[in-house]
Amino acid sequence: MSKGHLENETFGEVMVVFRDMMREDVKPNRYSLPEVLKACCKMLALREGEEMHCLSVKNGFKSNIYCGTILIELYSCCGCLGWGYRVFAEMIVRNVVVWTTMINCYAANGDLFSARRLFDLAPERDVVLWNRMITAYMDSGDMLEARKLFDTMPVHDLMSFNVLLNGYANNGDVLECCRLFDSMNDKNIFSWNAMIRGYLRNGHFADVLDTLKRMLAEAHVQPNDATIVFVLTACSRLASLDFGKWMHIYAENNGYKANVYVCNALMEMYAKCGCVDSAISVFKIMPQKDMISWNTIINVLAVHGHGAEALQLFTEMKEAGGKPDGITFVGVLNACSHMGLVKDGLHHFHSMNTEYAVEPRIEHYGCVVDLLARRGLLDQAMKFLQDMPMKPDVVIWTTLLAASRVHKNLELAELCLQKLVELDPGNPANYVMLSNVYGEAQKWEDLARLKVVLNDMGLKKQPGCSSIETEDGVLEFYAFDEHHPKRSEIYEVIRGLTMAMTFQACGRDDEILEFMLENRDNSGT
């Protein structure tokens, strides 16, 4: 009975069954006590755990390895690491599982010194113990010590390589991650996922797609749902619609059509690529939806101007038993902002705390400022901003600066720039936006003064970037780029297109054809 409740995660019922057993004068044994201790550990029930500890000592289980191991975990999870070590020290027989548990507790609580001291004292070390100690160093960011320990392992199995791969990926060392990956003779799905996740985590999105191609071409390993989610996330960042569509077909053909994680990633990918209808279609065919599914589609619709549909889905979510969270309300407030529903937006904002016990965060306050500013209620937006329980961030002041440009409020624009300079002095975009405000208001002297300030500070606007998807992957181009390997050919094509458009504007179609033929003969393209 107790085991069934444990498997179904009804831990309170385990305690009820145990108390009933005690009332019937049934003595606990080496099977029933560990199950109760597990339930106490899961519930972080320290007081009940102490009672079970006393009961285990009274009934002769003080040195029982199974009970002792769970007691160490219980005291560690409840912040009583000293008591856990006392249980460890009093155990007569300690196998490698007990040593691993105690070392893991020290590592989980950030005490690497004690963890390493016990590791060096351990009479027996299996692969799990080695990997746990290496992971502890990786979690602390000490990859040098992690690699040193990895190199001293007597035997390296595939799991050890995968652990170190994830360590390099999580700590941002993509180069070492690649070197280790390429040095591996055997790779399983976790190896490939670690490499793909490393690229994704560190912003190498095009390499994510290339690694998947390599995986399908070289390995006898099929991508799983985690692989598909990673690749779809990279497609979202690159706005690579064609590759995303191909992954959608692959997912459907390989049994992931109803996978909630894959469907959530598909919705995000289609939304980032501007295909809102496709995102909605994915949402509608999902047999099961979690909160991420509802939040994703509500925010997709809100951002793309489908405010009414977003609010309708918000109502459907509540009717389906979903409990809104902070992410939900970001979408709801954005929907109200895009539709100009000031009254409804303020109602939803105030209902967060009163009806749903969701504490508003700075992003929610920013949405309300945007809601008011879009409608030209700049004074009300400023009052709301001043009453905020936290200091406004760069996003909020940028929102107000943009609104002051639209509504031609120079005084507010200058105040916003002053605040932005204090928060983000090295961002030239703030000065550029204010210069646009001055230009539209024909304040030429102020505009000239601002440009002098920009030049004196040595600030330059970040060049614009565009990308195009080809058979070779996703290629990126920057404005005034002088470092692209094919810059000569690119600029030659731009000059040709400019000349062709000039001829077209003058109605000289025959000269366009002559020019293009001549250019083809000269360049061979």
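**A walk through the predicted model, starting at Pro360**

Select Pro360 to begin: with a relative accessibility of 11%, Pro360 counts as buried. Keep in mind as you click around that this is a predicted model. Pro360 lies in the loop that runs between α22 (342-356) and α23. Now show what surrounds the proline. Setting aside residues up to four places away in sequence, Pro360 touches Phe349, Met352, Asn353, Tyr365 and Met390. Try a distance label on one of those partners: Phe349 is eleven residues from Pro360 in sequence, and their C-alpha atoms are 7.8 Å apart.

Stay in that loop and pick Ala357, which also belongs to the stretch between α22 and α23. Is Ala357 buried or exposed? Ala357 counts as exposed, at 67% relative accessibility. Check its backbone too: phi of Ala357 is near 55°, a positive value in a residue that is not glycine. That is worth a look because most residues other than glycine have a negative phi.

Next, select helix α23 (residues 362-374) together with helix α25 (residues 394-406). These two helices pack at an angle of about 5°, and their axes are 9 Å apart. Angles under 35 degrees count as roughly parallel, so α23 is roughly parallel to α25. To see the contact itself, show side chains from both helices. On the α23 side, pick Ile362, Gly366, Val369, Asp370 and Ala373. On the α25 side, pick Ile396, Thr399, Leu400 and Ala403. What mix of residues makes up the contact of α23 with α25? There are six nonpolar residues, two polar ones and one charged.

Move on to Lys408, in the loop between α25 and α26 (410-423). Lys408 has a positive phi of about 55°, although this residue is not a glycine. With 60% relative accessibility, Lys408 counts as exposed.

Now go back to Leu400 and add Ile134 to your selection. Which residues touch the most other members of the largest nonpolar core? Leu400 and Ile134 do, in a core of 141 residues. To see the element that gives the most to this core, color helix α17 (residues 260-272), which supplies nine residues. Then zoom in on Ile134. Not counting residues up to four places away in sequence, Ile134 touches Ala146, Leu149, Phe150, Met153, Val163 and Leu164.

For another buried spot, jump to helix α7 (residues 96-108) and pick out Thr100. Thr100 has a relative accessible area of 14%. The cut-off for buried is under 20%, so Thr100 is buried. Hide its neighbours within four places in sequence, and the residues in contact with Thr100 are Asp126, Val128 and Leu129.

Finally, zoom out to the whole protein. How many helices and strands are there? The protein has 30 helices and two strands. Of its 525 residues, 43% count as buried. Among contacts between residues at least 6 apart in sequence, 55% join residues at least 24 apart.

Color by pLDDT before you close the session. The protein averages 83, and 80% of the residues score at least 70. For the two ends of the scale among the elements, select helix α1 (residues 2-7), with the lowest mean pLDDT (54), and helix α15 (residues 225-238), with the highest (95).

Note on methods:
Residues numbered from 1 in each chain as written. Heavy atoms only, no water. Axes fitted to C-alpha atoms, helices over the stretch in contact; angles between N-to-C directions. Helix = DSSP H or I, 4+ residues; strand = E, 2+ residues; numbered from the N terminus. Parallel < 35°, antiparallel > 145°, perpendicular 65-115°, else oblique. Contact = heavy atoms within 4.5 Å. Nonpolar A, V, L, I, M, F, W, Y, C, P; charged D, E, K, R; others polar. Core = buried A, V, L, I, M, F, W, Y, C linked by side-chain atoms within 4.5 Å. Buried < 20%, exposed > 50% of the residue type's maximum accessible area, 1.4 Å probe, protein only. pLDDT = per-residue confidence, 0-100.
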